[in-house]
Amino acid sequence: MRPLTAGPDEDARHTTPSPMLQRLAAERATGALLRDRGTLYLADGQVVHAESPATPGIDILLTTGGALRHEGWWDAVAQAGAGQRVARYLVDSGHVPGGALELCHLGALYDAAFFALAPTRTPARFRYGVSHWIGPVRPVAVDAVQRETLRRRELLDRIWPDALTDTAPVTRTAYPLDAPVPPRQLRVLELADGVRTASDIARELGRSAFHLLVDLRRLAAAGLVEAVGREAAPGAAAHGLAALPETADPDVALLRRLRDALEAL
Amino acid sequence: MANTEAALKEAMSSIEGTTGVALVDYTSGMALGTLGGGKDFNLEVAAAGNTDVVRAKLRTMEHLGIQDEIEDILITLGTQYHLIRLLKTRGGNGLFLYLVLDSARANLAMARHQLKRIEAELEV
């Protein structure tokens with residue numbers, strides 16, 4: 001039974017995605033926090049880098065976005081990888097402007113941290129002393145990372161409360177575009193082929209995977225995208241809600257959204 | 001080449017009447033950096049909320065079929081100006097600079113001009 005008022009456990013769940021990370025910050029630890037869906041690198045108790053298989057790394061964000069050529073990236077890795085100063089080298093050698101690198105790195109850090117800090121049952125491990133070859137860019141306080149991660153979870157749920165499009169392959173629904181879709185979301189829609197997931201599309205477009213989650217939830221809220229496997233979900237047919245009759249009624253999209261929202265309760 | 005912190009500092013010190021400045025990612029609503037603000041003006045909340053302003057305007061332009069880009073958005077309050085300047089980043093990730101000005105001290109034309117310059121230093 002869950003108490004009606006938020007007890008200490010409930011509070012902890014809402015204020016700190018990872019109590020272990022909190023402790024590591026307090027002891028000003030340096031090393032790598034390995035979690036189920038990603039890794040956070042700490043230096044002196046601050047987050048200096050983060051990686052997750054769910055989201056494109058800074059190399060993809062920089063090269064696909066057009067800020068850096070592939071050769072430039074590999075040159076930096078070859079020249080400065082061993083010395084763990086790749087970021088510094090990219091800027092000093094004139095490959096990427098300092099401001100652009102910092103923004104891209106910050107974006108990638110918060111993005112990967114969001115996935116790395118996703119709720120999990122696998123215990124986290126911390127390897128003391130480990131650092132990342134990207135080298136120093138701009139450290140971020142653990143509190144800021146945890147706060148932002150929680151804010152992002154709330155943002156997604158506010159847009160559309162069904163998290164299925166976050167992880168499952170996504171496909172276009174049969175509903176026509178009845179309002180203009182922003183160009184960025186349109187490119188996402190074009191890649192929603194029933195096979196690709198949010199992470200796949202992010203990698204292909206060279207965009208942050210969190211941005212993809214936002215776009216997909218917006219598209220889902222508009223009734224334009226759904227997760228594959230949704231129709232086969234147990235219970236959907238049993239409730240007699242599986243199919244809406246074909247009709248020219250312009251409110252079909254609305255009805256569909258209502259249905260999905262009710263199912264998500 | 002300015003880093004983000006230097007750019008925010010410069011906005012704060014060189015633009016007359018500035019009481020707060022934030023660099024915001026408008027898809028996630030995250031403030032990548034803030035300076036100023038304070039207890040009675042939470043810049044992170046302002047950053048997240050103003051992403052909806054930008055999105056609404058972009059959507060309206062699409063509905064109207066306007067093929068153009070937003071350079072900046074000005075919101076005039078009784079005692080403040082809020083200035084939103086969209087950045088043209090090479091990576092294409094939508095960012096904007098958000099500036100809070102005290103309208104009694106600010107020179108709006110100058111502020112817009114300075115903000116443009118700071119954008120150039122940040123991204124070129």
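These are legends for close-up views of a predicted model with chains A and B.

**View 1. The largest nonpolar core, and who sits in it.** This core counts 89 residues. If you rank its members by contacts made inside the core, the top ones are A:V47, A:A113, B:V24 and B:L99. Helix α6 of chain A, residues 98-116, puts in the largest share, with 13 residues. Domain 1 (15-158) and domain 2 (164-264) of chain A both chip in, so the core lies between them.

**View 2. A zoom on A:V47.** Here we pick one of the core residues with the most contacts and look at its partners, skipping neighbours within four places in sequence. A:V47 is in contact with A:L40, A:L42, A:L109 and A:A113. The rest of its partners are A:P139, A:V140, A:V142 and A:V145. Note that A:A113 is on that list and is also among the core residues with the most contacts.

**View 3. Helices α6 and α7 of chain A.** The axes of α6(A) and α7(A) are 9 Å apart, and the packing angle is about 70°. Angles of 65 to 115 degrees count as roughly perpendicular, and α6(A) and α7(A) are therefore roughly perpendicular to each other. On the α6(A) side, the contact is made by A:Y110, A:A113 and A:F114. From α7(A) come A:V145, A:E148, A:T149 and A:R152. Two of the names are familiar from the previous view: A:A113 and A:V145 are both in contact with A:V47.

**View 4. Helices α7 and α11 of chain A.** Now α7(A), residues 142-159, meets α11(A), residues 209-221. Their axes come within 9 Å and cross at roughly 20°, which makes the two helices roughly parallel. As for handedness, this crossing is right-handed. A:R152, A:L156 and A:I159 are the α7(A) residues involved. Across from them, α11(A) offers A:F210, A:L213, A:V214, A:R217, A:R218 and A:A221. A:R152 turns up here as well as in the contact between α6(A) and α7(A).

**View 5. Where the two domains of chain A touch.** The domain assignment splits chain A into domain 1 (15-158) and domain 2 (164-264). Their C-alpha centres lie 30 Å apart. The contact takes 13 residues from domain 1 and 10 residues from domain 2. On the domain 1 side, α3 (58-64), α6 and α7 of chain A are the elements that give two or more residues. Of these, α6(A) gives the most, with four residues.

**View 6. Chain B against chain A.** Each chain brings its own set to this contact: 23 residues from chain B and 23 residues from chain A. On the chain B side, α1 (4-14), β2 (30-36), α2 (43-64) and α3 (108-123) each supply at least two residues. The largest share on that side, four residues, belongs to α2(B).

**View 7. Two loop residues with positive phi.** A:R28 is not a glycine, yet its phi is positive, about 50°. Its place is the loop between α2 (19-26) and β1 (31-35) of chain A. A:R28 has 11 C-beta neighbours inside 10 Å, so it counts as exposed. A:Q84, also in a residue type other than glycine, has a positive phi near 55°. This one lies in the loop between α4 (70-80) and α5 (86-92) of chain A. With 14 C-beta neighbours inside 10 Å, A:Q84 counts as partly exposed.

Conventions: Residues numbered from 1 in each chain as written. Chains lettered and ligands numbered in written order. Predicted model: local features only at pLDDT ≥ 70, side-chain atom pairs only at ≥ 80, totals over all residues. Core = buried A, V, L, I, M, F, W, Y, C linked by C-beta atoms within 7 Å. Buried ≥ 20, exposed ≤ 12 C-beta atoms within 10 Å, placed from the backbone. Domains from an automatic or database assignment. Contact = placed C-beta atoms within 7 Å. Axes fitted to C-alpha atoms, helices over the stretch in contact; angles between N-to-C directions. Parallel < 35°, antiparallel > 145°, perpendicular 65-115°, else oblique. Left-handed = near helix turned anticlockwise from the far one by under 90°.
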